[in-house]
Amino acid sequence: MNRLVRAAIPVAAAIGVASLIARLRRAPTRSPLGDLRRPGSRPRVVVLGAGFGGLSAALGIARGSGDADVVLVDQHNYHLFTPLLYQVAVGLVDSNSITYPLRAVAYRNGIRFVLGEAQGFDVDGKRLLTSAGAIAYDYLVVAMGSVTNFYGLSEVAERALPLKTVGDADAIRNVVLGALELGDVERDADRRCRLLTFPIVGGGPTGLELAGALSALVGDVAGREYPGIRPEEISIQVLEAGGRVLDAMEPATQEIAMRRLRERGVEIRLNSPLSGVSGNDYLVGGGQRLEAEALIWAAGVRGSPLLERLPGQRTRDNRVLVDATLRIPDHQEIFVIGDSAACIPEPGARPLPGTAPVAIQQGTSVARNVRHLLRGEPASAFRYRHPGNLVALGRHAAVAEVLGLVVDGLPAWLLWRAVHLGWLTGLRNRLQVLLDWSLLYVAPRQTEWLRSATRLPPRIPGRRFTSVASERNSEANDSPLSK
Ligand SMILES: Cc1cc2nc3c(=O)[nH]c(=O)nc-3n(C[C@H](O)[C@H](O)[C@H](O)COP(=O)(O)OP(=O)(O)OC[C@H]3O[C@@H](n4cnc5c(N)ncnc54)[C@H](O)[C@@H]3O)c2cc1C
């Protein structure tokens with residue numbers, strides 16, 4: 001027995017020392033970078049933006065190279081999983097389930113995270129200018145995503161509900177539920193119609209996924225939890241400027257998507273660009289009026305205005321033109337990736353689309369190239385591998401393009417769910433989303449307002465929305481509930 005104990009002691013000690021070394025290697029030093037304003041003793045890579053592209057680049061560099069310090073800068077202290085934003089907007093999942101704390105990611109991977117808003121670039125001095133101060137870099141990776149593109153329709157921008165941030169999703173949820181609340185007791189036919197019309201501008205994946213989810217929501221609650229609303233009174237319309245939806249996908253995929261949504265009562269209006277505002281109404285195409293309280297804008301994105309302060313050329317939608325190694329041609333120390341970049345895979349081709357797989361693969365490529373450059377080796381060209389397409393179309397419906405096949409119905413829907421669950425960052429988020437999805441079969445829909453967002457941001461039609469509410473209050477005797 002004694003011999004056994006004596007033999008076990010060195011083994012336990014060796015395991016203890018090995019695990020301590022492993023922890024020390026993983027944990028960053030207390031003050032890893034010293035003064036960020038000046039160059040450090042080691043090469044420093046500053047990554048602007050912790051979305052799909054930036055996070056993939058920062059992790060790839062931090063995990064793969066012990067020779068550089070990595071600084072990750074973002075205006076939020078969380079990573080946002082945008083593919084499930086539309087589910088937050090219809091109360092299917094909680095917004096906490098699709099955000100992931102950047103501090104935890106940074107700590108575990110020896111990355112220095114800085115919360116700050118980028119405000120400019122001192123390209124000659126090699127410094128990123130942020131609200132938290134200037135940060136010196138040897139290499140800069142710009143991965144700041146995109147902003148909603150209203151194509152110059154400023155009046156529409158003031159009223160429409162974009163879907164780009166967690167706040168946007170919460171605002172859509174409140175406005176849609178608010179319109180149902182008012183529609184439930186409104187007696188005036190025109191006002192009912194206005195409240196119960198939900199146009200979604202843009203026939204891309206986001207617009208269609210939102211339309212499918214919205215139709216499932218109203219199908220669940222109209223005539224039941226909202227007894228004053230008949231399901232057929234609700235109009236969900238997708239307004240697409242072009243002649244087809246899902247422009248970048250196969251014709252068979254487009255056809256399935258339109259059919260499945262129409263089966264669910266969604267009206268798809270092709271060749272119907274939203275052209276402006278007239279009084280309280282919107283204008284479609286040649287001047288047709290559209291009355292709606294909650295109009296959702298999912299019609300496109302453009303590069304952030306800040307990108308104009310970078311050198312080099314930009315596309316019409318303000319994305320920075322990069323070379324094959326994802327760098328600005330005359331500034332080889334600056335990489336631009338993801339939605340911020342226009343990467344043209346071959347001469348004459350269209351730039352790669354603004355999608356998460358493009359951003360993630362570009363982040364991985366940048367990480368590899370930074371390692372090469374630090375070793376004095378040349379950078380290699382980026383090659384995109386398209387993993388396929390997945391579009392959810394409401395309950396138990398989706399369409400998928402995988403391995404050259406177009407898959408429809410329940411198999412595509414199960415695939416959509418499995419892929420998105422696996423893709424989410426963090427075990428806690430995966431479990432929360434799985435729970436939210438499962439609870440839908442046994443528990444009621446979450447139709448309560450989000451109290452934290454009851455004061456609607458000024459950019460959404462809160463004033464008109466509240467004015468309808470206050471008018472209704474002043475006409476309380478007219479309400480069917482008061483009789
Ligand atoms: C509603 C919605 C649904 C989508 N669904 C899908 C989908 O299903 N599949 C798919 O492939 N793609 C989808 N996309 C597109 C996908 O989200 C983007 O293509 C992808 O996020 C681009 O990655 P990125 O790293 O370039 O930018 P992002 O992921 O947008 O990250 C940009 C980061 O930069 C930060 N940032 C921006 N400006 C500043 C600043 N001035 N200072 C500091 N930080 C800043 C932001 O906070 C953000 O964290 C969707 C997009 C939206 C809006």
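**Sheets, a hairpin and a ligand shell**

Student: Which residue in β25 is the bridge partner of A392?

Tutor: First off, this is a predicted model, where local features need pLDDT of at least 70, side-chain atom pairs count only at pLDDT 80 or more, and totals for chains, interfaces and linings use all residues. Residues are numbered from 1 along each chain as its sequence is written. Helices (H or I, at least four residues) and strands (E, at least two) are DSSP runs numbered from the N terminus, and two strands pair if DSSP finds at least two bridges between them. β24 and β25 (398-402) run antiparallel with 4 bridges, and A392's bridge partner in β25 is A398.

Student: Which residue takes a positive phi in the hairpin of β24 and β25?

Tutor: That hairpin has 5 residues between the strands. With phi near 105°, the residue you're after is G394.

Student: Why is one side of β24 and of β26 left without a neighbour in the sheet?

Tutor: The open sheet is ordered β24-β25-β26, with antiparallel pairing. β24 (389-392) and β26 (405-408) stand at its edges, so one side of each is left without a neighbour, since each has a single partner strand.

Student: At about what angle does α11 run to β25?

Tutor: Axes are lines fitted to C-alpha atoms, for helices over the stretch in contact (C-beta atoms, placed from the backbone, within 7 Å), and angles go from 0 to 180 degrees between N-to-C directions. Helix α11 (409-423) lies across β24, β25 and β26, and its angle to β25 is about 75°.

Student: In the sheet of 6 strands, which residue of β22 is the bridge partner of V141?

Tutor: That open sheet goes β5-β2-β1-β9-β22-β21, with mixed pairing. β9 (139-142) and β22 (331-336) run parallel and share 3 bridges. In β22, V141's bridge partner is F335.

Student: How many charged residues does the shell around the ligand have?

Tutor: 33 residues surround the ligand, counting a residue as near if its C-beta atom, placed from the backbone, lies within 6 Å. Ala, Val, Leu, Ile, Met, Phe, Trp, Tyr, Cys and Pro count as nonpolar, Asp, Glu, Lys and Arg as charged, and the others, Gly among them, as polar. The shell has 15 nonpolar and 14 polar residues, and the charged ones number 4.

Student: Which two domains does the ligand lie between?

Tutor: Domain bounds come from an automatic or database domain assignment. Both domains give residues to the shell, so the ligand lies between domain 1 (32-75 + 116-148 + 302-374) and domain 2 (154-299 + 388-482).

Key: Two residues are in contact if their C-beta atoms, placed from the backbone, lie within 7 Å.
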